[in-house]
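The exercises below concern salt bridges and pockets, and each is followed by a worked solution. Please keep the sequence and the structure in view while working through them.

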Amino acid sequence: MTFWIIQLLNGISFGMLLFLLAAGLSLIYGLMRILNLAHGSYYLIGGYVGLTVVRLTDSFVLAALAAPIAVALLGVVMERFFLRRFPNQELPQVLLTFGFLFIFADLALWIWGGNPQTLPKPEIFSSSIWIGGLVFPSYRLFVIATGIVIGIGLWWLQEKTRLGAMIRAGVDDEEMARGVGVNVSLLSTAVFGFGAFLAALGGILGGPFVGVYPGADFEVLLLAFVVTIVGGLGSLKGAFVGGLLIGLLDNFGKSLFPEFALFTIFAPMAIILAIRPTGLFGRR
């Protein structure tokens with residue numbers, strides 16, 4: 001039983017990271033129809049910038065604030081000065097973000113080197129705690145709690161606020177949203193920057209137990225796409241449920257069937273898409 005509980009908690013904590021990644025990716029595609037292949041780079045850069053801030057200031061909190069804000073500004077620059085030049089042109093947008101993916105990867109390799117690095121945990125979460133009869137790292141519980149709080153906050157933002165209503169309107173019908181006075185252009189920039197912010201925050205939170213290393217951007221991007229497809233494009237609820245599902249499948253797959261680890265992720269995705277082509281919570 002101890003094995004199952006620990007793997008369950010590990011899967012949930014990893015699923016929370018995937019949720020942070022997929023939430024931004026899903027909203028960006030749902031609102032702007034941009035398949036942002038550089039989204040994993042935000043995770044990687046967020047982790048590296050956070051690592052640098054921690055080393056300079058010895059403050060994890062400051063790193064968790066500074067790195068996502070810096071990456072969000074990077075996302076805004078990408079959207080405003082590059083992607084906006086190709087409105088509704090999916091192929092040029094994909095190729096452009098693909099190019100940024102390699103640029104960011106090479107810059108990160110040049111600046112931070114090729115060795116895997118790990119962010120130090122906050123002092124308060126550096127030890128493990130007893131849960132019933134088992135010992136579990138307190139930091140992973142902190143990640144789970146943070147993911148849940150952010151998920152509730154995003155749900156409130158999307159479902160209970162005027163800003164959320166405008167985002168939903170833009171996702172459902174951009175032309176109609178423009179017709180009723182929604183500034184879709186500004187909204188798109190804000191959503192793009194916010195998506196980059198969430199991805200970078202995922203890099204900070206995942207840094208102490210997943211680490212940051214060359215290639216992490218590709219790995220998390222692939223999983224984020226799976227989460228987005230399973231949950232449904234443009235759906236935060238889908239990103240949350242999909243993140244949990246893929247996080248658990250990934251963790252249990254690697255633990256029980258390491259030779260079929262990818263199969264345990266992609267086979268359920270194929271089955272879900274065969275039954276619901278729009279994903280679990282996709283609207284179209």
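**Exercise 1: salt bridges**

The side chains of Asp-250 and Lys-254 meet in a salt bridge, at 3.4 Å from N to O. The model is a predicted one, in which local features need pLDDT of at least 70 and side-chain atom pairs count only at pLDDT 80 or more, while totals for chains, interfaces and linings use all residues. Residues are numbered from 1 along each chain as its sequence is written, and side-chain values use heavy atoms, with hydrogens and water left out.

Task: state how many salt bridges the rule counts, and describe the setting of their partners.

Solution. Begin with the rule, by which a side-chain nitrogen of Lys or Arg must lie within 4 Å of a carboxyl oxygen of Asp or Glu; the count then comes to two salt bridges.

Next, place the pair Asp-250 and Lys-254 in helix α10 (residues 236-256), where the two residues are four apart and so are separated by about one helical turn. Helices here are DSSP runs of H or I with at least four residues, numbered from the N terminus. Asp-250 is buried, at 7% relative accessibility, where buried means under 20% relative accessible area, exposed over 50% and partly exposed in between, with a 1.4 Å probe and protein chains only.

Finally, turn to Arg-84 and Glu-79, whose closest N and O atoms are 2.9 Å apart in a salt bridge. Glu-79 is buried, with a relative accessibility of 3%, whereas Arg-84 is partly exposed, at 26%.

**Exercise 2: the largest pocket**

Task: find which residues lie nearest the centre of the largest pocket, and which element gives the largest share of its lining.

Solution. First fix the term: on a 1 Å grid over the protein atoms alone, a pocket is an open set of points where a 1.4 Å probe fits, with protein on both sides within 12 Å along at least five of seven lines, and lining residues have an atom within 4 Å of a point.

The largest pocket is lined by 20 residues, and those nearest its centre are Phe-14, Glu-219, Leu-223, Asp-250 and Lys-254. Two or more lining residues come from each of α1 (2-32), α9 (216-231), α10 and α11 (261-275), and α1 gives the largest share, with five residues.

To close, connect the two exercises: Asp-250 and Lys-254, which form a salt bridge, are among the residues nearest the centre of the largest pocket.
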